[in-house]
Every structure is written in C-alpha cells, then in structure tokens.
Amino acid sequence: MTALHLSFYSAFTLSTLGLAFHRTHLISALLCLESMMLSMYIALSMWPIQTQTPSSTLLPIFMLTFSACEAGTGLALLVASTRTHGSDHLHNFNLLQC
C-alpha cells in the first residue's frame with residue numbers, strides 16, 4: 001500500500017469515525033459527509049493516474065456534481081431546522097413528530 005492510498009483510506013476512515021462519534025450538531029455531521037465525499041473524489045481522480053490509463057473517466061465529475069447537490073440540500077435542511085427548532089443540535093430533532 002502506497003502512502004497515497006494510506007492517506008485516502010485514513011481520511012475516509014477519520015470522516016466516518018467523526019460522523020459516528022461527533023453527532024452533536026447537524027453542521028458537524030454535514031462537514032463529515034463532505035470530507036468523505038472529498039476523499040472519495042480525490043481517490044477517483046487519482047485512479048487513472050495510478051492505473052496509467054490514457055483517458056480520464058467522467059466518474060469524478062459526476063461525483064463532484066452529486067456532492068454539490070448534497071451540500072446544497074444539507075445546508076437547506078440546516079437553515080430550515082434552525083428556523084423551526086432554534087438550534088442545530090441533533091438531539092432536539094424528533095422524526096416522529098410532524
């Protein structure tokens with residue numbers, strides 16, 4: 001395993017652990033999701049270079065597009081939940097109430 005692979009795996013693992021253990025605020029959960037998507041984007045962008053293929057793939061572009069959509073949706077949910085509940089603490093949200 002090269003140092004490049006180790007850094008991608010460790011960034012993704014740290015983001016997953018941050019999402020699993022630091023779920024106090026919605027913004028911290030969204031930042032962990034974004035760092036997971038960023039590490040996956042960099043890994044997919046470096047994949048053709050590592051395999052020495054002559055053509056670049058479109059998969060990183062699609063992933064970046066979906067990541068931007070996910071970020072926009074997450075920020076819209078953050079604003080809506082802050083307006084209705086007064087804060088972004090995740091323990092204040094009850095999904096069973098309307």
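Is Cys32 buried or exposed? Select Cys32 and keep the question in mind while you look: its relative accessibility is 14%, and because residues under 20% count as buried, Cys32 counts as buried. Keep in mind during the whole tour that you are looking at a predicted model.

**The whole chain**

Zoom out now and show the protein as a cartoon, where you should find 3 helices and 0 strands, so that, read along the sequence, the pattern is α-α-α. The radius of gyration of the protein is 17 Å, well over the 13 Å that the globule rule gives for 98 residues, and the protein is therefore more spread out than a compact globule. If you draw a box around the C-alpha atoms along the principal axes, its sides come to roughly 55 × 25 × 20 Å.

Next, switch on the surface, which exposes about 7,200 Å², with carbon and sulfur atoms supplying 73% of that area. Of the 98 residues, 18% count as buried, and Cys32, where the tour began, is buried too. As for how the chain meets itself, take the contacts between residues at least 6 apart in sequence: 55% of them join residues at least 24 apart.

**First stop: His25**

Select His25, which you will find in the loop between helix H1 (3-21) and helix H2. With a relative accessibility of 29%, His25 counts as partly exposed. Which residues is His25 in contact with, once its neighbours within four places in sequence are left aside? They are Asp88, His89 and Leu90. Add Leu90 to the selection and compare the two distances, for His25 and Leu90 are 65 residues apart in sequence, while their C-alpha atoms are 5.5 Å apart in space.

**Second stop: Ser39**

Move on to Ser39, which is found in helix H2. Ser39 is buried, with a relative accessible area of 9%. Leaving aside its neighbours within four places in sequence, you can see Ser39 in contact with Phe8, Ala11 and Phe12. For a sense of distance along the chain, select Leu26 as well: Ser39 and Leu26 are 13 residues apart along the chain, and their C-alpha atoms are separated by 20 Å.

**Third stop: Gln52**

Now go to Gln52, in the loop between helix H2 (26-51) and helix H3. What is the phi of Gln52? Gln52 has a positive phi of about 60°, although it is not a glycine. Its side is also open to view in the accessibility values, since at 72% relative accessibility Gln52 counts as exposed.

**Fourth stop: a nonpolar patch**

Select Leu58, Ile61, Phe62 and Phe66 together and show them on the surface, where these four residues form a nonpolar patch with about 460 Å² of accessible area together. Of this group, look at Ile61 in particular, which is found in helix H3 (residues 59-85). At 47% relative accessibility, Ile61 counts as partly exposed.

**Last stop: the cysteines**

Finish by selecting Cys69, which counts as partly exposed at 47% relative accessibility, whereas Cys32 counts as buried at 14%. How many disulfides does the structure hold? The structure holds 0 disulfides.

Definitions and conventions: Residues numbered from 1 in each chain as written. Predicted model: local features only at pLDDT ≥ 70, side-chain atom pairs only at ≥ 80, totals over all residues. Heavy atoms only, no water. Patch = residues over 30% accessible without salt bridge, like charges linked within 9 Å, V, L, I, M, F, W, Y side chains within 5 Å. Areas by Shrake-Rupley, 256 points an atom, 1.4 Å probe, with all protein chains shown as cover. Salt bridge = Lys/Arg side-chain N within 4 Å of Asp/Glu carboxyl O. Helix = DSSP H or I, 4+ residues; strand = E, 2+ residues; numbered from the N terminus. Buried < 20%, exposed > 50% of the residue type's maximum accessible area, 1.4 Å probe, protein only. Rg over C-alpha atoms; globule rule 2.2 N^0.38 Å. Contact = heavy atoms within 4.5 Å. Disulfide = S-S within 2.5 Å.
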